[in-house]
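Here's a quick briefing to read alongside the model. Have the sequence and the 3D view open as you go.

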Amino acid sequence: MFLNTAIKAYDEQVLGREGTRTPALHTAEVDPKKFQYRLGTDLTPQEDALNFQALCRGEQLLSPEYRATLSCFYDTRGEAYFRLMPVKVEILHHNPELMVFHDVISDREIEAVKTMAQPMLARAMVQGAQGKGNTVSTTRTSKVGWLDDSLNPLVARLGHRISLLTGLSTDVAAEHAELLQVSNYGIGGHYNPHHDYLLVDKTEKELLHNIHPRELIMGDRIATFMFYLSDVTRGGATAFPRLGTAAWPSKGSAAFWYNLKKSGHGNTATLHGACPVVLGYKWVSNKWIRERGQFLRRKCGLSPEE
Ligand SMILES: O=C(O)CCC(=O)C(=O)O
Ligand SMILES: [Fe+2]
């Protein structure tokens, strides 16, 4: 009941004030008897939006048969480091694989990260059209800050931990990965569905004119690793409308997935967004891992579709 009122207030007041820019967050009326959720990469924008909303409401879109193939296990990630204290891994989806690592950042570390980030937090921006400056994003209503490995040994240690968990290089100095981003969402804070890759969906002209050459050298965001630095009282899931599943924030856990296929093509199935926070607040921290530094770490597949 309270949740319905909050959702209605959010739709009418928050989105009403911002104006309708996308259907993604409006809780459209759907007759569940008539509507069949579809999954996959050929969904219409309307279907993407409906799936996103359903996942944000906590609905289950995957069949019981599919869910029966999902699992949780202890894993060493092939690393001696985790031999004595294996990592708790949860598989939320296969192909593309979406995994959650549990208890991989301590409460003390979380407090330290938040304290370091707090003075830097500023509303997330989007790049303006050519020549225009950056503007505050309305599709991503959170505050963000960036932490460099050199800022504090903890930041570097977290980068190293991400490398051990993912098997990928997170060497920021060598530009194998970006700085650690810290984001804070308040009530109504959300991030509309998007892909994390920055380059593979651009035309040659856009790459030449809108993208810094350094980005081209680093390569695209091959993978996303995201720590959940807080629980969220209501809402705030990271929802994947084409996969039909969502990662729910749990303080100390982290989500991980590849945005690119082994061929280097963008995996359009990785469309995802941050559901609005309905009650409470949400803190996350992202490490975007770049493509170039991983060429000896992630093997190529035998087909472009892998
Ligand atoms: O906050 C989330 O759950 C998702 C954030 C996200 O997708 C991003 O920052 O690219
Ligand atoms: Fe994202």
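How many bridges join S4 to strand S7, and do the two run parallel or antiparallel? Two bridges do the joining, and S4 and S7 (residues 143-147) run antiparallel. Strands here are DSSP runs of E with at least two residues, helices are runs of H or I with at least four, and both are numbered from the N terminus. Two strands count as paired if DSSP finds at least two bridges between them.

A word on the source: this is a predicted model, where local features need pLDDT of at least 70 and side-chain atom pairs count only at pLDDT 80 or more, while totals for chains, interfaces and linings use all residues. Residues are numbered from 1 along each chain as its sequence is written, chains are lettered from A and ligands numbered from 1 in the order written, and side-chain values use heavy atoms, with hydrogens and water left out.

**Overall picture**
- The protein has seven helices and 17 strands.
- Of its 306 residues, 46% are buried (under 20% relative accessible area with a 1.4 Å probe, protein chains only; exposed is over 50%, and partly exposed is in between).
- Take the contacts (heavy atoms within 4.5 Å) with a separation of 6 or more: 72% of them link residues 24 or more positions apart.
- About 15,900 Å² of the protein is exposed, with carbon and sulfur atoms supplying 55% of it; the areas come from the Shrake-Rupley method with a 1.4 Å probe.

**The nine-strand sheet**
- This open sheet goes S1-S2-S3-S14-S10-S17-S8-S7-S4, with antiparallel pairing.
- Strand S1 (72-75) and strand S4 (122-123) are at the edges with a single partner strand each, so one side of each has no neighbour in the sheet.
- Helix H4 (residues 107-117) packs on the sheet, touching S7, strand S8 (180-185), strand S10 (221-228) and strand S17 (282-290), and its direction makes about 105° with that of S7.
- Angles run from 0 to 180 degrees between N-to-C directions, with axes fitted to C-alpha atoms, for helices over the stretch in contact.
- Back at the S4 and S7 pairing, Arg 123 sits opposite Lys 143 in S7.
- Helix H5 (residues 153-166) lies across several strands, including strand S2 (87-93), strand S3 (98-102) and strand S14 (254-258), and runs at about 115° to S10.
- Arg 290 belongs to strand S17 and is buried, with a relative accessible area of 2%.
- Leaving aside neighbours within four places in sequence, the contacts of Arg 290 include Glu 175, Leu 198, Glu 215, Met 218 and Asp 220.

**The four-strand sheet**
- The second open sheet has the order S9-S15-S12-S13, again with antiparallel pairing.
- Its edge strands, S9 (191-194) and S13 (245-247), each pair on one side only.
- From one strand to the next, the twist averages 15°.
- Helix H2 (residues 45-56) packs on this sheet, touching S9, S12, S13 and S15, with its direction at about 140° to that of S12.
- Strands S12 (residues 238-240) and S15 (residues 272-274) pair antiparallel over two bridges, with Thr 238 opposite Ala 274.

**The iron site**
- The iron ion (ligand 2) has His 194 (NE2), Asp 196 (OD) and His 272 (NE2) as its protein donors, lying 2.1 Å from it.
- Donors are N, O and S atoms within 2.8 Å of the metal (3.2 Å for Na, K and Ca), and water is not among the atoms, so sites may look incomplete.
- Along the chain, the donors follow the spacing H-x1-D-x75-H.
- Both His 194 and Asp 196 are buried.
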